[in-house]
Amino acid sequence: MALGLEVKSDMLWKGIVAACPYLLCFVAVLVFLEQLSYLKKKGPLPGPTFIVPFLGSAIHMIANPTRFWAEQAAMAKSSGLGFSANYLVGRFIVFIRNTDLSHMIFSNVRSDAFHLIGHPFGKKLFGDHNLIYMFEPEHKDLRRRIAPNFTHRALSTYLLIQQKVILRHFVKWLELARAGSVPLRLLCRDLNLETSQTVFAGPYLTPDARWQFNRDYNLFNVGLMAIPFDLPGFAFRRARFAVGRLVETLTRCVSQSKQRIRAGEEPSCLVDFWMQDALHEPAETPDLEIGGHLFDFLFAAQDASTSSLLWVVALLDSHPKVLARVRAEVASLWSPESGEPIAAEKVREMKYTEAVVREVLRFRPPATLVPHIAGKDFPLTECYTIPKGAIVFPSTYESSFQGFPDPERFDPDRFSEERQEDRVYKRYFLAFGAGPHQCLGQRYAINHLVLFVALFVSLFDFSRHRTDGCDDIAYVPTIVPKDDCTVYLSKRCDLFPCF
């Protein structure tokens, strides 16, 4: 018996050894065909000549995304074409630096041209029914139905919620600051997550649901930056399941909101304003679908706002004259000692503070890249056609430093009534995207940033803990200061307002 097993094992091993040359030849052919396909798609574009099989430049991109995308931009600029090529995890990509070409991509989001995907493997991560994957007329109809969530009345309701959450977190920040310098990135992330939860889902999230929600959102964030292996034990798989749980939680919030609005209660959060209008529609939208869209809002509001909050603190610290003007404007309109929240009309009067916010968004647009996938071969220029299936990355960051006078200078006055560069050079300001998928909630986002700035500069004295390279850009996946915006904080007023 043992002899028979030994003979069989020997025969198996000889078979494997004999097959190795054929297997190696097969792999070599696959690698050659992959390389040939890449070179054919690349054509005249600048980019790597040889690609690592399957992975391409994925390891370089994940290890140092700042350098990777800077190199893509440099190749696109130096070639004179305005775009460049590369290869990531089996996908051919085109990076677009030229603003006019970026607008061409944004304006051609439709079923037979470009599909906005939000992430190179977004459909697996977000699900097929995400708002960003919709096309007209379905997409146009949904935007119409979402519009009541961002009326003046709705935005005024959110302002009070936003301020309450911000103040709760500021109290915690002050306690942490007693031990020394404080890195703000995770603190701002938590502040934004609670703000989004409370504004969007209001009273419908229990403390236990919020704890699970925070845990799942963190898993989702980690998965965004991971290699997209959808296998057990990998971060991408954990993120995909976390998204499913997040949508389930938000779906339950939708059901509870419908009951409350049917009972005649006044709206107290975004989902209430949505249900107040939705319940009068001829065909009722399924709760699960609305829950999925609420997750879309959360994703859009969360990381982008975190990035902007960090940059506004960093840039105010490095521009003391700008900080002094913001403080003077806010003090002329609101005082912490009043015990009252900042009213909607006061927010609208903070013109210079809003100009600062808009300049932060131009100078450091949080979502630097907006990935799309080509639904068919698309002639981008006379000399190059983007092949079907290619992932295209229009760069909002590169556009921000084109067109505007002296674009490398942080200058909020460019958004003043006198200069109006936001109108004259509007084409280059792509922080909220462009075309049919331009961000619907941009007024909400700007209000949130203005409120944060007004409260932060009024309640805190602050200074950066400066180190070499602290203001370098890091991707997480939106851009943040490399040192996570580490600051020293101290109390500026006698009492924090409480309302």
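**View 1. The largest nonpolar core and its best-connected members.** This core has 135 residues, and the ones touching the most other members are Phe-170, Trp-173, Leu-184, Trp-274, Phe-295, Leu-316 and Phe-452. Helix H12, residues 287-318, chips in the most, with 14 residues. (A nonpolar core is a set of buried Ala, Val, Leu, Ile, Met, Phe, Trp, Tyr and Cys residues joined through side-chain atoms within 4.5 Å; buried is under 20% relative accessible area with a 1.4 Å probe, protein chains only; helices are DSSP runs of H or I, at least four residues, numbered from the N terminus.) This is a predicted model, where local features need pLDDT of at least 70 and side-chain atom pairs pLDDT 80 or more, while totals for chains, interfaces and linings use all residues. Numbering starts from 1 along each chain as its sequence is written, and side-chain values use heavy atoms, without hydrogens and water.

**View 2. Around Phe-295.** Skipping neighbours within four places in sequence, Phe-295 is in contact (heavy atoms within 4.5 Å) with Phe-126, Tyr-217, Phe-220, Val-243, Leu-246, Val-247 and Leu-250. Apart from the largest core lies another one, of 20 residues, including Leu-45, Phe-83, Ala-85 and Phe-92.

**View 3. The second largest cavity.** It holds about 30 Å³ of space. (A cavity is a set of points on a 1 Å grid over the protein atoms alone where a 1.4 Å probe fits but cannot get out; lining residues have an atom within 4 Å of a point. Points are joined across faces, edges and corners, and volume is the space filled by probe spheres set on them.) The lining is Asn-192, Thr-195, Ser-196, Ala-301, Ser-305, Tyr-444 and His-448. H8 gives the most to this lining, with three residues.

Technical notes:
Buried < 20%, exposed > 50% of the residue type's maximum accessible area, 1.4 Å probe, protein only. Helix = DSSP H or I, 4+ residues; strand = E, 2+ residues; numbered from the N terminus. 1 Å grid on protein atoms, 1.4 Å probe; cavity = no way out; pocket = protein on both sides within 12 Å on 5 of 7 lines; lining within 4 Å.
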